[in-house]
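Biologist: I am new to this structure. Please take one part and look at it closely with me, starting from a single residue and working outwards.

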Amino acid sequence: MTVSGSLHGKTIVLGVTGSIAAFKAVILARRLIERGATVLPVLTAGATRFVGAVTFSGITGQKVAADMWDPEFAGEMHVALAERADLVVVAPTTADLLARAATGRADDLLAALILCARSPVLLAPAMHPRMWDHPAVRANVASLRGQGRIDLVGPASGAVASGESGLGRMVEPEEIVRAIEARLGSSPVPAPVQLHDLSGYRLVISAGPTQEAIDPVRFLGNRSSGKMGFALATRAIARGAEVTLVAGPVSQTTPSGVIRIDVTSALEMKGALESAMPGADALIMAAAVADFRPVHASAIKWKKGHAPQALQLVENPDVLAGLGEARGEARRPVLVGFALETGDREHVIAEARGKRVRKKVDLIVANAAHIALGGDDTEVFLVDETEATAVGHMSKSDSADAILDRTVQLLKQSAS
Ligand code: CTP
């Protein structure tokens, strides 16, 4: 973990409310920690419907405060948290929290804490443009500005969850960090201090498609570009891991420091993974392994006019399920699989849950096929034994960090 940075020694209470932008609070927490801050997460009841408490406790290393009435807590939680804070930031801030802050309500932990704070308080609103435009919200914003105790950062203009555009989108985490640094009088550092939370771990990552030969020039394949697996390898190396990357046929540049093994078919991928796995702490199976291969690959090219009547296929072994089976009751290696699905969010998550149990793995990263395939962005859900967490639509590099955050948690749990 970081010991220096522009926010070193600062304690920041990160309030999160129930908005679709809640996933960005996870990135904000990471950015603050990278700069040396201690981040104390406070979630409203609505926030926990979007991002699980375990995600925030995992990233911040702090207990998530969500219940003002927690009998385990000795003293007054809202007072104690407010006193520890050098700054309180609420990102995202819903119209509801904005109204409660403007009128001095104290009906949950976060509202009471804001009322109690002597430190700067910064709200990052996120709501539909029509809500932001509503006279009641305008009046609340004007009232807050008039009181002079609480600052706003944003909102920004752009697409909101409904697909419509306008003013109401939460500003990006980087902009919130800059606003925090400005209020705490810290000068921004040019590059964020790197987390090295994977040092000492050996990760095996698979990436790309496999190709199943029909004849010397043709194959069965899929549209996987390998970008996700390569992003994972790049970020894992940057976070200190030793990485072996088993790659199907892709045109991606090898990230510096990675040991790369190139394979073509599913059977080759299985062999390469089986020899790379002994001693590995975790496998992240991002490859799109072909489920079937032709029973016979012709040794000579099939000529026009001599097409076979039918292509007979046989199922490939399920590499991940095989490793899950072989692991048995052991807790290492940590196994992370992917699921690429079509259909709506509920279907994607339900399929991922089924695959997690069937393949006996710790985590399934579920992707919606129409966004993930070939593109630079993706939208994933992290499906583990207890919850399905939406990570949101973001670059594959940021998604890779979110997947690695959860992998670090699993590695720590499997050691205890
Ligand atoms: N996988 C694997 N070996 C296979 C097929 C898939 O190891 N022969 C792995 C993938 O790398 C991924 C996970 O299993 O991590 C899920 O892959 P996916 O293609 O989504 O699921 P399938 O098991 O193929 O199931 P289905 O075809 O029903 O979607």
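Modeller: Start with Asp197, which is buried, because its relative accessible area is 17% and buried means under 20%. Keep in mind that this is a predicted model.

Where does Asp197 sit? Its place is in the loop between helix 8 (173–183) and strand 8 (202–207). What does its side chain touch? The side chain of Asp197 makes a polar contact with the side chain of Arg239, at 2.8 Å. Set aside the neighbours within four places in sequence, and Asp197 is in contact with Arg239 and Val408.

Now step back to the whole chain. The protein chain is divided into domain 1 (11–184) and domain 2 (202–415). Their contact takes 11 residues from domain 1 and 13 residues from domain 2. The C-alpha centres of domain 1 and domain 2 lie 36 Å apart.

Next comes the empty space. Rolling a probe the size of a water molecule over the atoms shows where such space is left. How many cavities of 30 Å³ or more does the structure hold? The count is 1. The largest cavity has about 190 Å³ of space.

Which residues line the largest cavity? There are 19 of them. Val26, Ile59, Val391, Ala402 and Asp405 lie nearest its centre. Two or more lining residues come from each of these elements: helix 1 (22–34), helix 2 (53–60), strand 19 (388–395) and helix 14 (396–415). Helix 14 gives the largest share, with 6 residues.

What is the character of this lining? Its residues divide into 10 nonpolar, 3 polar and 6 charged.

Where does the largest cavity lie with respect to the domains? Domain 1 and domain 2 both give residues to its lining, so the largest cavity lies between them.

One last stop is close to the start of the chain. Gly5 is found in the segment before strand 1 (11–16). Is Gly5 buried, partly exposed or exposed? Gly5 is partly exposed, because its relative accessible area is 25%, and that falls between the 20% limit for buried and the 50% limit for exposed. Which residue can be paired with Gly5 across the chain? Take Gly36, 31 residues away along the chain. The C-alpha atoms of Gly5 and Gly36 are separated by 5.0 Å.

To retrace the route: Asp197 is buried in its loop, and its side chain makes a polar contact with that of Arg239. The largest cavity lies between domain 1 and domain 2.

Definitions and conventions: Residues are numbered from 1 along each chain as its sequence is written. This is a predicted model: local features need pLDDT of at least 70, side-chain atom pairs count only at pLDDT 80 or more; totals for chains, interfaces and linings use all residues. Side-chain values use heavy atoms; hydrogens and water are left out. On a 1 Å grid over the protein atoms alone, a cavity is a set of points where a 1.4 Å probe fits but cannot get out, and a pocket is an open set with protein on both sides within 12 Å along at least five of seven lines; lining residues have an atom within 4 Å of a point. Grid points are joined across faces, edges and corners, and a volume is the space filled by probe spheres set on the points. Helices (H or I, at least four residues) and strands (E, at least two) are DSSP runs, numbered from the N terminus. Ala, Val, Leu, Ile, Met, Phe, Trp, Tyr, Cys and Pro count as nonpolar, Asp, Glu, Lys and Arg as charged, and the others, Gly among them, as polar. Domain bounds come from an automatic or database domain assignment. Buried means under 20% relative accessible area, exposed over 50%, partly exposed in between (1.4 Å probe, protein chains only). A polar contact is a pair of N or O atoms within 3.5 Å; within protein, one must be able to donate a hydrogen and the other to accept it, and residues adjacent in sequence count only if both atoms are side-chain atoms. Contact means heavy atoms within 4.5 Å.
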